[in-house]
Amino acid sequence: MGVGNAAEFADGDEFSWGVFYENGSGNYRTFNEFNNEFFRGDGSLVYNGGGIAARYENANGVYTEGSLRAGMLKSEMDNALRDGSGNYYGYDSESAYYGAHIGVGKIISLSDSSDLDVYGKFFHTYTEGDSFTVNKDKFEFDSITSDRLRVGARVTTNKANAFSTYYGLAYEYEFNGDADMRAQNLKAPTQSLQGSSYMTEVGFNYQPTPDSPWSFDLNMRGYAGEREGASFNVQATYTF
């Protein structure tokens, strides 16, 4: 949720900026092994933060964009650990996060009603470490750094109608993504998301009339490869 401004210059270039508040939640599963037995853990995440974003696009459709963000990340985990007696333990954790991204791309007109957006984006996120106690044992999470490069394309169709649709494909590579933990000062095996992932997306945008100040966007994404999962996003925009 945020507020921003967009300006168009005499030569057709456009510059837009905004400040925003962000909130999100997610769920995940882990699969662990102890004494040759496998068990599943269930976790949830909630984050709250804010940031700034800006974008510059010239008359030829070439654009540059970037953002800065910061906030707090809370994590809860059930059945994360198991002792020799078969007892399961969970934990709560809270850490600050900081992020930035920069992207470049070009919008190519395919017809009067469709565009092709070809882009490359780099994302950097840093999450601070945290420590907690489980059954009188101390556990420490090191900080996590994530550096991701995403290259992709998105086609928008029926852009002149009240309902427009878009479809996209992207390749993403995580350069870091290592998570280290120590239990009673003993190092646990490193967990990592380093490697390649693939993303597909589909979205729908609705603007009641060409001069309506309201527009609504629905976006769904699926991920495969090193990072697997799905995301769902709804956005409403009022322009004045």
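These legends accompany an overview and several close-up views of one predicted model.

**View 1. The whole chain is built from strands, with 0 helices and 17 strands.** The model is predicted. The C-alpha atoms fill a box of roughly 70 × 30 × 30 Å along the principal axes. The chain has 240 residues, and 26% of them count as buried. Its exposed surface comes to about 14,900 Å². Carbon and sulfur atoms supply 55% of that surface. Among contacts with a separation of 6 or more, 53% join residues 24 or more positions apart.

**View 2. A nonpolar patch of about 1,200 Å² lies on the surface.** Its members include Val3, Phe9, Phe15, Trp17 and Val19. Ile52, Tyr56 and Leu68 also belong to the patch. So do Trp214, Phe216, Tyr238 and Phe240. Strand 2 (14-34), strand 3 (37-57) and strand 16 (214-225) each give two or more residues. Strand 2 gives the most, with 3 residues.

**View 3. Phe9 is a loop residue of the nonpolar patch.** The loop in question runs between strand 1 (2-8) and strand 2. Phe9 has a relative accessible area of 43%. Residues between 20% and 50% count as partly exposed, so Phe9 falls in that class.

**View 4. Four strands form an open antiparallel sheet.** Their order is 7-8-12-13. Strand 7 (130-134) and strand 13 (186-187) are the edge strands. Each of these two pairs on one side only. Strands of a sheet pair through backbone hydrogen bonds. Inside this sheet, strand 8 (residues 137-141) runs antiparallel to strand 12 (residues 181-183). The two are joined by 3 bridges. Phe141 stands opposite Met181 in strand 12.

**View 5. Glu65 takes part in salt bridges with Arg55 and with Lys121.** The closest N and O atoms of Glu65 and Arg55 are 3.3 Å apart. Glu65 lies in strand 4 and Arg55 in strand 3, so this pair ties together parts 10 residues apart in sequence. For Lys121 and Glu65, the N to O distance is 3.2 Å. Lys121 belongs to strand 6 (residues 114-127), so its bridge to Glu65 in strand 4 ties together parts 56 residues apart in sequence. Glu65 has a relative accessibility of 13% and therefore counts as buried. Arg55, at 24%, counts as partly exposed. Arg55, Glu57, Glu65 and Lys121 are linked in a network of salt bridges. The salt bridge count for the model comes to 14.

**View 6. Glu172 and Arg148 meet in a salt bridge between buried residues.** The N to O distance between their side chains is 3.1 Å. Glu172 sits in strand 10, and Arg148 in strand 9 (residues 144-157). The pair links distant parts of the chain, 24 residues apart. Glu172 is buried, and Arg148 is buried too.

**View 7. Lys74 in strand 4 touches residues distant from it in sequence.** Strand 4 covers residues 62-82. Leaving aside residues up to four places away in sequence, Lys74 touches Ser44, Leu45 and Val46, as well as Ser93 and Glu94. Lys74 and Glu94 are 20 residues apart along the chain. Their C-alpha atoms are separated by 4.4 Å. Lys74 has a relative accessibility of 48% and therefore counts as partly exposed.

**View 8. Ser164 is a buried residue of strand 10.** This strand spans residues 163-174. The cut-off for burial is under 20% relative accessible area. Ser164 has a relative accessibility of 9%, so it counts as buried. Its contacts, not counting residues up to four places away in sequence, include Thr157, Asn158 and Lys159. Ser164 also touches Gly203, Phe204 and Asn205. Strand 10 also holds Glu172, the salt-bridge partner of Arg148.

Notes:
Residues are numbered from 1 along each chain as its sequence is written. This is a predicted model: local features need pLDDT of at least 70, side-chain atom pairs count only at pLDDT 80 or more; totals for chains, interfaces and linings use all residues. Side-chain values use heavy atoms; hydrogens and water are left out. Patches are made of residues with over 30% relative accessible area and no salt bridge: like charges are joined within 9 Å, nonpolar side chains (Val, Leu, Ile, Met, Phe, Trp, Tyr) within 5 Å. Accessible areas come from the Shrake-Rupley method with a 1.4 Å probe; for residues, only the protein chains shown count as cover. A salt bridge is a side-chain nitrogen of Lys or Arg within 4 Å of a carboxyl oxygen of Asp or Glu. Buried means under 20% relative accessible area, exposed over 50%, partly exposed in between (1.4 Å probe, protein chains only). Two strands pair if DSSP finds at least two bridges between them. Contact means heavy atoms within 4.5 Å.
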